[in-house]
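Work through the exercises below with the sequence and the coordinates open. Each task is followed by a solution in steps.

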Amino acid sequence: MGLPGSQEDIYNPFSTTGLLQSLHSLSLFNLQESESENKLDAETASDSESRSEFGGSAPVPTSDDTPEVLNRALSNLSSRWKNWWVRGILTLAMITFFFIIIYLGPMVLMTIVMCVQIKCFHEIITIGYNVYHSYDLPWFRTLSWYFLLCVNYFFYGETVTDYFFTLVQREEPLRILSKYHRFISFALYLTGFCMFVLSLVKKHYRLQFYMFGWTHVTLLIVVTQSHLIIHNLFEGMIWFIVPISCVICNDIMAYMFGFFFGRTPLIKLSPKKTWEGFIGGFFATVLFGLLLSYVMSGYRCFTCPVEFNNDTNSFTVDCEPSELFQLQEYNIPLVLQSVVGWKTVRMYPFQIHSIALSTFASLIGPFGGFFASGFKRAFKIKDFANTIPGHGGIMDRFDCQYLMATFVNVYIASFIRGPNPSKLIQQFLTLRPDQQLHIFNTLKAHLVDKGMLGSLEDA
């Protein structure tokens, strides 16, 4: 008895291959359709977000932001040389501004660091907001700035308590805020956390948690590093100026060497970076660091720690220079004596440390720029913003500085900084009389055991 047409085809040996192909195609179609439905149901935000981030237009559009006066003056040049002149002129302007704020003192430097931090945070958050904004979800921008306020309150509150201890103990409101500072900071953050949970919108949970993470990573990169920069500044302006200057020098010299001699690409993330620029920038930065350190080590205003004077309620940078900033004589290795013709050389110990700082600025610091380049490529943008013509946004100029700030802070803590006697005495004086007496007796017994107290009494 004959089978129906469809079944006859199934049992037909000549159509088996075609049938298998059809079944395979059908199964693939069903699998893809099922996966598509699951994604639309469970990951709607992720798919839409991906299209907005990578398939759509750039979240931060870029344009020619060069001032019109420069456009007219450089109109006869090729785009390559025009960019070279624009970057050069604006670089000189920024260096001049840098010198001015150094001259104005540490308080102005701290204010500038705070302003730079806020601007960098704004640039990064704006990129996320442009991706996020199309969904019309509540509170993201408000919560981002609220979390910035909370984190700054925590970090700078710790700094005020540490460096202005006497002033804090002298004023009753400040003493209360200092005593419960961490609890207040946690309460403020917890309020923002609860506000975020209340802002969650159905079908967009994943996107909102993505933006929550975006905000916190931005805070980690920007606020933490700027806080470390201020800590470095309190150790002495030289620990602030030399590292920043080394990064600036490396950026300029790597660009110059790459512009004139660059032939070999360095990394795919930054196609314009070359090995010639990388190596040339390294040697130029090490030499620059040695020279700048030698000049600055002779001035107390740069080498002394920045301290708060309770009598005048102002910052002071006057002290007896430490051994780091006193000229010493070093023997030159025998291998180099025949080359340079000297047996010894007089230099500041800080210059040796400057070699470590400039080496990091040249070899590891650029990876902060590569990281930023990868971030910008991920979102199909040229620059973080158009704040500085020819240079992009503030974050484009400080991507390496933040990495450098962390290294300098770790370097100081590991190889330079020791206990601060003045801070220990300040804390000792705030204790109760019975606690002070206990510490005094303990210290006295310790000095007697060491055999130091008797010699001091005889003197």
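The exercises concern a predicted model and deal with a helix pair, annotated spans and a helix end.

**Exercise 1.** Determine how helix 10 and helix 11 are oriented towards each other.

Solution. Helix 10 comprises residues 181–198 and helix 11 residues 205–234. Their axes lie 12 Å apart and make an angle of about 155°. Angles over 145 degrees count as roughly antiparallel. The two helices are therefore roughly antiparallel. The crossing of helix 10 with helix 11 is right-handed.

**Exercise 2.** List the residues through which helix 10 and helix 11 meet, and sort them by class.

Solution. Helix 10 contributes Tyr189, Phe193 and Phe196. On the side of helix 11, the partners are Gln208, Phe209, Phe212 and His216. Sorted by class, this contact contains five nonpolar residues, two polar ones and no charged ones.

**Exercise 3.** Take the spans 139–156 and 236–262, annotated as "transmembrane region" in an unreviewed UniProt entry, and describe their secondary structure and end-to-end distances.

Solution. Residues 139–156 are 94% helix and 0% strand, with end C-alpha atoms 25 Å apart. For residues 236–262 the values are 93% helix and 0% strand, and the end C-alpha atoms are separated by 37 Å. The record also lists other spans, including 183–201 and 208–230.

**Exercise 4.** Check the length of helix 20 against its expected span, then inspect the residue that follows.

Solution. Helix 20 has 18 residues, 433–450. At 1.5 Å a residue, helix 20 should span 26 Å. Its end C-alpha atoms are 26 Å apart, so the two values agree. Next comes Gly451, with a positive phi near 80°.

How values were computed: Residues numbered from 1 in each chain as written. Predicted model: local features only at pLDDT ≥ 70, side-chain atom pairs only at ≥ 80, totals over all residues. Heavy atoms only, no water. Axes fitted to C-alpha atoms, helices over the stretch in contact; angles between N-to-C directions. Helix = DSSP H or I, 4+ residues; strand = E, 2+ residues; numbered from the N terminus. Parallel < 35°, antiparallel > 145°, perpendicular 65-115°, else oblique. Left-handed = near helix turned anticlockwise from the far one by under 90°. Contact = heavy atoms within 4.5 Å. Nonpolar A, V, L, I, M, F, W, Y, C, P; charged D, E, K, R; others polar. UniProt positions renumbered as here; feature names shortened; annotations may be inferred. Expected span 1.5 Å × (residues − 1).
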